[in-house]
Amino acid sequence: MKTRITEILGTEYPIIQGGMAWVAEHHLAAAVSNAGGLGLIGAASAPAEVVREEIRRCKELTDKPFGVNIMLLNPNADDVAKIVVEEGVKVVTTGAGNPVKYMEQWKQAGVKVIPVVASVAMAKMMERAGADAVVAEGMESGGHIGSTTTMALVPQVVDAVSIPVIAAGGIGDGRGFAAAFMLGAEGVQVGTRFVVAKESIVHDNYKQQIVKAKDIDSTVTGLSTGHPVRCLRNKMTREYLRLEKEGADFMELEKLTLGSLRKAVIEGDVTDGTLMAGQIAGLIKNVESCEEIIQDIVGQGRKLLQR
Ligand code: TUI
């Protein structure tokens with residue numbers, strides 16, 4: 001299971017956890033790292049000092065390397081970028097934008113930088129800017145997405161860059177893991193399956209919606225605003241999509257989703273909350289520990305790759 005990704009990350013397995021807003025807090029990140037993957041704290045829209053506290057708490061729960069995901073639409077991103085250096089975080093992943101302006105400060109501090117990209121052009125730009133690896137994230141993923149599928153995106157990114165590629169989007173078991181390696185990836189990012197992990201603080205109502213989900217139960221909101229987000233269908237998405245069809249403006253749509261992810265994750269509101277999840281939700285049938293999830297993915301993946 002040694003690849004350039006395990007070398008860069010200093011992990012046992014080439015598996016990283018998605019930097020999911022509200023979900024990826026220190027308990028989950030530490031559990032994934034303790035199980036041999038790379039756990040991530042998702043800074044999302046949190047104030048920078050909250051992220052610092054999350055990093056410190058994660059250090060209390062694990063001696064293994066873990067990372068921070070910086071969501072670049074966050075108005076506090078500049079401060080979070082500094083905090084990861086001050087706190088000695090080993091790995092940063094970024095999402096929803098271009099992290100070039102932070103690269104020099106991170107590289108100088110020896111932080112490994114792994115931007116999440118949804119296109120070949122962005123992957124090439126990140127390599128030129130000094131990224132250590134990229135996550136090529138297909139539109140099967142939950143949350144904010146690009147428009148290309150994992151199956152099409154990963155081999156094209158692999159051919160376009162020399163740095164190692166981590167595949168993301170639609171990967172939930174050893175078959176997805178093996179398939180990603182066949183496409184040329186040297187690691188995988190898993191999100192949705194970790195949302196339902198035992199150690200995940202996500203409300204049980206949300207976890208059960210994923211466990212119950214079928215293959216066709218996700219939808220994409222926000223295509224009209226330029227911020228497409230994949231989540232499970234519910235009353236909120238039906239209203240959102242109706243408003244989008246009627247040509248509602250950005251502010252009206254924003255009203256519907258303001259605080260809605262917190263509502264789902266913390267309060268368990270599966271009616272009006274945003275249930276971000278990937279298309280692989282239909283495959284996930286049980287709540288398991290991070291250790292069980294990682295061992296299952298690696299065990300099955302290894303057997304398939306040895307065939
Ligand atoms: O970032 C994610 N997934 C996310 S972020 C998030 S919080 C949010 N909520 C509502 C609206 C917007 C964000 C929930 N899920 N994944 C990584 C990712 N990055 N997917 C796609 C991209 C991306 C998109 C455009 C990366 C770079 C990019 O470049 C644009 C540019 O600046 O040229």
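Me: What makes residues 4-200 and 286-306 count as one domain here?
Reply: Happy to explain! In this predicted model, the bounds come from an automatic or database domain assignment. That assignment puts 4-200 + 286-306 in domain 1 and 214-276 in domain 2. Taken over C-alpha atoms, the centres of the two domains are 24 Å apart.

Me: How do you know that domain 1 and domain 2 are in contact?
Reply: Contact means heavy atoms within 4.5 Å. Eleven residues from domain 1 and eleven residues from domain 2 take part, so by that cut-off the two domains do touch.

Me: What is the area buried between domain 1 and domain 2, and which atoms give 69% of it?
Reply: About 880 Å² is buried between the two domains, and carbon and sulfur atoms give 69% of this area. On the side of domain 1, Trp22, Gly143 and Ile145 supply 53% of what is buried against domain 2, more than any other three residues. By class, that side has six nonpolar, four polar and one charged residues.

Me: How many salt bridges are there between domain 1 and domain 2?
Reply: The count is zero. A salt bridge needs a side-chain nitrogen of Lys or Arg within 4 Å of a carboxyl oxygen of Asp or Glu, so no pair across this interface meets that rule. Polar contacts are another matter: five residue pairs are found across the interface.

Me: Why is the approach of alanine 96 to the ligand called a polar contact?
Reply: Good one to check by hand! A backbone N or O atom of alanine 96 lies 3.0 Å from a ligand nitrogen. The cut-off for N or O atoms is 3.5 Å, so this pair qualifies. Histidine 144 also uses a backbone N or O atom, at 2.8 Å from a nitrogen of the ligand, while glutamate 137 brings a polar side-chain atom to 3.1 Å from a ligand nitrogen. Taken alone, the ligand exposes 720 Å², and the protein buries 69% of that.

Key. Residues are numbered from 1 along each chain as its sequence is written. This is a predicted model: local features need pLDDT of at least 70, side-chain atom pairs count only at pLDDT 80 or more; totals for chains, interfaces and linings use all residues. Side-chain values use heavy atoms; hydrogens and water are left out. Buried area is the accessible area (1.4 Å probe) that two parts lose on being put together, summed over both. A polar contact is a pair of N or O atoms within 3.5 Å; within protein, one must be able to donate a hydrogen and the other to accept it, and residues adjacent in sequence count only if both atoms are side-chain atoms. Ala, Val, Leu, Ile, Met, Phe, Trp, Tyr, Cys and Pro count as nonpolar, Asp, Glu, Lys and Arg as charged, and the others, Gly among them, as polar. Accessible areas come from the Shrake-Rupley method with a 1.4 Å probe; for residues, only the protein chains shown count as cover.
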